Amino acid sequence: MLLEAHQVSRAFGSFLALSGAELELAEGEIVGLIGPNGAGKSTFFNCLSGDLQPTSGRILFAGSEVTRATPEAHARLGIGRTFQVPATFEEMSILDNVMVGAFLRHPARGEAREAARRIVEFAGLDRLRDQPARSLGTPGRKRLEIARVLASEPRLILLDEALAGLNPVEIQEAIALVRRIHARGITLVIVEHIMEVILSLTGRVLVFNQGRTIASGKPRDIVDHPAVIEAYLGQRRQRRRRE
Ligand SMILES: Nc1ncnc2c1ncn2[C@@H]1O[C@H](COP(=O)(O)OP(=O)(O)O)[C@@H](O)[C@H]1O
Ligand SMILES: [Mg+2]
């Protein structure tokens with residue numbers, strides 16, 4: 001197994017945001033993680049990337065215990081992640097933003113620049129590489145965020161709503177980019193509300209609700225699962241009530 005998460009829980013004060021999460025991920029898999037807002041998806045990613053320490057449970061990556069390791073140690077071992085709110089250096093060029101990721105494996109400036117150039121091209125940002133990040137629209141930003149993660153040369157990438165806000169054509173292009181990433185041998189876990197993305201990319205899906213795993217299985221079966229429908233419909237009903 002590339003990644004093993006056993007009974008991972010995380011509390012904030014007395015509130016249990018994540019409860020007993022289980023994930024065994026084989027190298028080369030693409031697994032989806034879905035669930036309504038507040039279900040604990042980002043909290044789980046934060047535990048898997050070392051950005052948060054679990055309150056209890058155990059996480060192993062490529063045979064090493066990483067439960068309480070730092071984010072840097074996670075990155076070095078090969079776990080890369082995107083953030084729901086991307087941390088882009090707005091005034092820096094696109095190439096320089098990607099270089100920040102490339103320094104992890106290439107401490108020499110020239111080598112980092114070369115590696116970043118290759119990734120920028122792979123991510124379809126070559127034409128824009130000398131522009132400041134602030135000049136990018138939503139699709140470009142999503143690509144930059146993915147390129148920055150790729151530059152750290154991860155074995156596993158955690159995508160946290162990395163395709164949100166794209167139009168249907170852009171979604172198809174982003175799906176194609178994720179396929180090319182996967183074809184490089186990279187394993188992925190994808191948090192995404194867009195069902196089309198989950199259905200076309202993932203081989204297996206976990207469903208979270210209120211910190212718990214309420215279902216798991218093949219994507220086609222999951223979308224028809226009563227507990228899943230209830231969790232999503234419940235959320236929509238709540239939203240309607242608030243409006
Ligand atoms: N740092 C934090 N402090 C307190 N509560 C948090 C923190 N991070 C997340 N939460 C709470 O934990 C729950 C799960 O959040 P999150 O993992 O972001 O959900 P999701 O990504 O599925 O929308 C939410 O109720 C959220 O408000
Ligand atoms: Mg989230």
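Here is a walk through a predicted model, moving from its ligand to its sheets and then to its helices.

## Around the ligand

Let's start with ligand 1. The shell around it is made of Phe12, Ala17, Gly35, Asn37, Gly38, Ala39, Gly40, Lys41, Ser42 and Thr43. Sorted by character, that shell holds 3 nonpolar residues, 6 polar ones and 1 charged one. Which helix gives the most to the shell? That's helix α1, residues 41–49, with 3 residues.

Helix α1 deserves a second look. All the way along, 9 of its 9 residues are buried, so the rest of the structure largely encloses it. The buried residues are Lys41, Ser42, Thr43, Phe44, Phe45, Asn46, Cys47, Leu48 and Ser49. Right after α1 comes Gly50, which has a positive phi, near 85°.

## The open sheet

Next up is an open sheet of 4 strands, arranged in the order β2-β1-β4-β5 with antiparallel pairing. Its edges are β2 (15–25) and β5 (64–65), and each of these pairs on one side only.

Strands β1 and β2 make a hairpin with 2 residues between them, and Gly13 in the turn has a positive phi of about 65°. On the other side of the pairing order, β4 takes up residues 56–61 and pairs with β5 in the antiparallel sense. Leu60 is a handy residue to find in the picture: Glu4 has Leu60 as its bridge partner in β4, and Leu60 has Glu65 as its bridge partner in β5.

## Strand β8 and its partners

Now move to strand β8, residues 187–191. Is β8 mostly covered or mostly open? It is mostly covered, with 5 of its 5 residues buried. As a general point, side chains in a regular strand alternate between the two faces of the sheet. In β8, Thr187, Val189 and Val191 point one way while Leu188 and Ile190 point the other way, and all of them are buried.

Two strands run parallel to β8. One is β3, residues 30–34, which is joined to β8 by 4 bridges; the other is β7, residues 156–160, joined to β8 by 5 bridges.

The table puts the strand pairs side by side, each with an example of facing residues where one is given.

| Strand pair | Direction | Bridges | Example of facing residues |
|---|---|---|---|
| β1 and β2 | antiparallel | 7 bridges | Leu3 and Leu25 |
| β1 and β4 | antiparallel | 5 bridges | Glu4 and Leu60 |
| β4 and β5 | antiparallel | 2 bridges | Leu60 and Glu65 |
| β3 and β8 | parallel | 4 bridges | Leu33 and Val191 |
| β7 and β8 | parallel | 5 bridges | Ile157 and Leu188 |

## Helix α3 and its neighbours

The last stop is helix α3, residues 94–102. Here 7 of the 9 residues are buried, so this helix too is largely enclosed by the rest of the structure. The buried ones are Ile94, Leu95, Asn97, Val98, Met99, Gly101 and Ala102. What covers them? The cover includes α4 (109–122) and α5.

Two packed helices are described by the angle between their axes and the distance between those axes. For α3 and helix α5 (residues 138–150), the angle is about 35° and the axes are 7 Å apart. The crossing of α3 past α5 is right-handed. From α3, the residues that meet the other helix are Ile94, Asn97, Val98, Val100 and Gly101, and they face Leu144, Ala147, Arg148 and Val149 in α5. The residues of this contact divide into 6 nonpolar, 2 polar and 1 charged.

Finally, zoom in on Ala102, which lies in α3. Why does Ala102 count as buried? A residue needs 20 or more C-beta neighbours within 10 Å to be called buried, and Ala102 counts as buried because it has 27 of them inside 10 Å. Setting aside neighbours within four places in sequence, Ala102 is in contact with Ala112, Ala115, Ala116 and Ala151. To link this corner back to strand β3, you can look from Ala102 to Leu33: they are 69 residues apart in sequence and 27 Å apart in space, C-alpha to C-alpha.

Methods: Residues are numbered from 1 along each chain as its sequence is written. Chains are lettered from A and ligands numbered from 1 in the order in which they are written. This is a predicted model: local features need pLDDT of at least 70, side-chain atom pairs count only at pLDDT 80 or more; totals for chains, interfaces and linings use all residues. A residue is near a molecule or strand if its C-beta atom, placed from the backbone, lies within 6 Å of it. Ala, Val, Leu, Ile, Met, Phe, Trp, Tyr, Cys and Pro count as nonpolar, Asp, Glu, Lys and Arg as charged, and the others, Gly among them, as polar. Two strands pair if DSSP finds at least two bridges between them. A residue is buried if 20 or more other C-beta atoms lie within 10 Å of its own, exposed if 12 or fewer, and partly exposed in between; C-beta atoms are placed from the backbone. Two residues are in contact if their C-beta atoms, placed from the backbone, lie within 7 Å. Axes are lines fitted to C-alpha atoms, for helices over the stretch in contact, and angles run from 0 to 180 degrees between N-to-C directions. A crossing is left-handed if the near helix is turned anticlockwise from the far one by less than a right angle, and right-handed if clockwise.
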